[in-house]
Amino acid sequence: MYLTILTLHSFFRWVVLLGILTGIFRASRGLLGRLPFTPLDNTIRHTTATLAHVQLILGYGLYLVSPLLASFHLRDAEHEPTALFFGVQHVALMTIAITVLTIGSALAKRQATDQAKFRTMAGWFALALLIILVAIPWPFSPFAQRPLIRL
Ligand code: HEM
């Protein structure tokens, strides 16, 4: 159970990153080229937010079953920097990032003009991407290191 969720959560990072990057690309292209906001743009906006929510659910599931966090207590946190990262910083930053993405997606949908939709989507998605990139435990991260792919 734990390994299945961990592997899915690890893989899903790439799906979420691809979705956000595609969203930023389409929004920037639409903004710079003054293009209409097409049904494809809307699908990318909506699908990216949905994929991020799937990752959020996998993340909370992992939080509940992870042996790393099973015996983690905040008062001993300084002795367990990896557990502190996954139990506090990773969870908090990723939850904030997905909230930012969700707000951006909802606001973009409600804008009156196509250019405003693109501008809103580009800005909020870029902010979410920045937070996610900081909070991912890349092999080169200063906070915690995990593999790029887990098979
Ligand atoms: C876009 C959102 C997120 C991304 C991209 C992401 C990415 C990752 C990655 C790449 C790992 C390392 C996996 C591995 O060891 O192979 C990880 C671990 C973990 N994530 Fe996330 N995560 C996200 C959101 C969340 C959320 C919202 C939570 C909890 C509420 C969460 C909880 C965890 C936990 C507990 C671990 C460590 C599990 C362990 O080593 O036992 N993640 N995450």
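Is Phe 140 buried or exposed? Phe 140 is exposed, with a relative accessible area of 64%. Keep that in mind for the third view; everything shown here comes from a predicted model.

**View 1. The whole chain is built from helices.** Five helices and zero strands are what you get here, and reading along the sequence gives the pattern α-α-α-α-α. Along its principal axes, the C-alpha trace spans about 55 × 30 × 25 Å. The chain has 151 residues, and buried ones make up 40% of them.

**View 2. Phe 85 and Phe 143 stack across a gap in sequence.** The structure holds five aromatic pairs. In this one, the ring centres of Phe 85 and Phe 143 are 6.0 Å apart and the planes sit at 5°, so the pair is stacked. Planes under 30 degrees apart are enough for that label. Phe 85 belongs to helix H4 (residues 81-110), while Phe 143 is in the segment after helix H5 (114-135), so the pair ties together parts that are 58 residues apart in sequence. The two partners are not equally covered: Phe 85 is buried, at a relative accessible area of 3%, whereas Phe 143 is partly exposed, at 48%.

**View 3. Trp 138 and Phe 140 make another stacked pair.** Here the distance is 5.8 Å centre to centre, with 5° between the planes. Trp 138 is the buried partner, with a relative accessible area of 10%. Phe 140, from the opening question, is the exposed one, at 64%. Add Trp 14 to the picture and you have a cluster, with ring pairs linking Trp 14, Trp 138 and Phe 140.

**View 4. Lys 117 lies over an aromatic ring.** The ring in question belongs to Phe 37, and Lys 117 lies over its face. The distance from Lys 117 to the ring centre is 5.7 Å.

**View 5. The ligand sits in the largest pocket.** That is the place to zoom in for the bound molecule. Around the ligand there are 24 residues, and the ones that come nearest are Tyr 2, His 9, Ser 66, His 90 and Arg 150. Which helix gives the most to this shell? That would be H2, with six residues. Helix H1 (2-32), helix H2 (39-65), helix H3 (67-70) and H4 each supply at least two residues of the shell.

**View 6. Polar side chains reach the ligand.** Start with Tyr 2: an N or O atom in its side chain is 2.5 Å from an oxygen atom of the ligand. Arg 150 also has a ligand oxygen for a partner, with a polar side-chain atom lying 2.5 Å from it. For His 9, the partner is a nitrogen atom of the ligand, and a polar side-chain atom of His 9 lies 2.7 Å from that nitrogen.

**View 7. Leu 151 is out in the open.** Look for Leu 151 in the segment after H5. Its relative accessibility is 96%, so Leu 151 counts as exposed; the bar for that is over 50%. Now bring Leu 8 into the frame: Leu 151 and Leu 8 are 143 residues apart along the chain, yet their C-alpha atoms are separated by 9.5 Å.

Conventions: Residues are numbered from 1 along each chain as its sequence is written. This is a predicted model: local features need pLDDT of at least 70, side-chain atom pairs count only at pLDDT 80 or more; totals for chains, interfaces and linings use all residues. Side-chain values use heavy atoms; hydrogens and water are left out. Rings of Phe, Tyr and Trp (its six-membered ring) pair if their centres lie within 6.5 Å; planes under 30 degrees apart count as stacked, over 60 as edge-to-face and the rest as tilted. Helices (H or I, at least four residues) and strands (E, at least two) are DSSP runs, numbered from the N terminus. Buried means under 20% relative accessible area, exposed over 50%, partly exposed in between (1.4 Å probe, protein chains only). A charge sits over a ring if NZ of Lys or CZ of Arg is within 6 Å of the ring centre and within 35 degrees of the ring normal. A residue is near a molecule or strand if one of its heavy atoms lies within 4 Å of it. A polar contact is a pair of N or O atoms within 3.5 Å; within protein, one must be able to donate a hydrogen and the other to accept it, and residues adjacent in sequence count only if both atoms are side-chain atoms. On a 1 Å grid over the protein atoms alone, a cavity is a set of points where a 1.4 Å probe fits but cannot get out, and a pocket is an open set with protein on both sides within 12 Å along at least five of seven lines; lining residues have an atom within 4 Å of a point. A molecule sits in a cavity or pocket if more than half of its atoms lie within 2 Å of its grid points.
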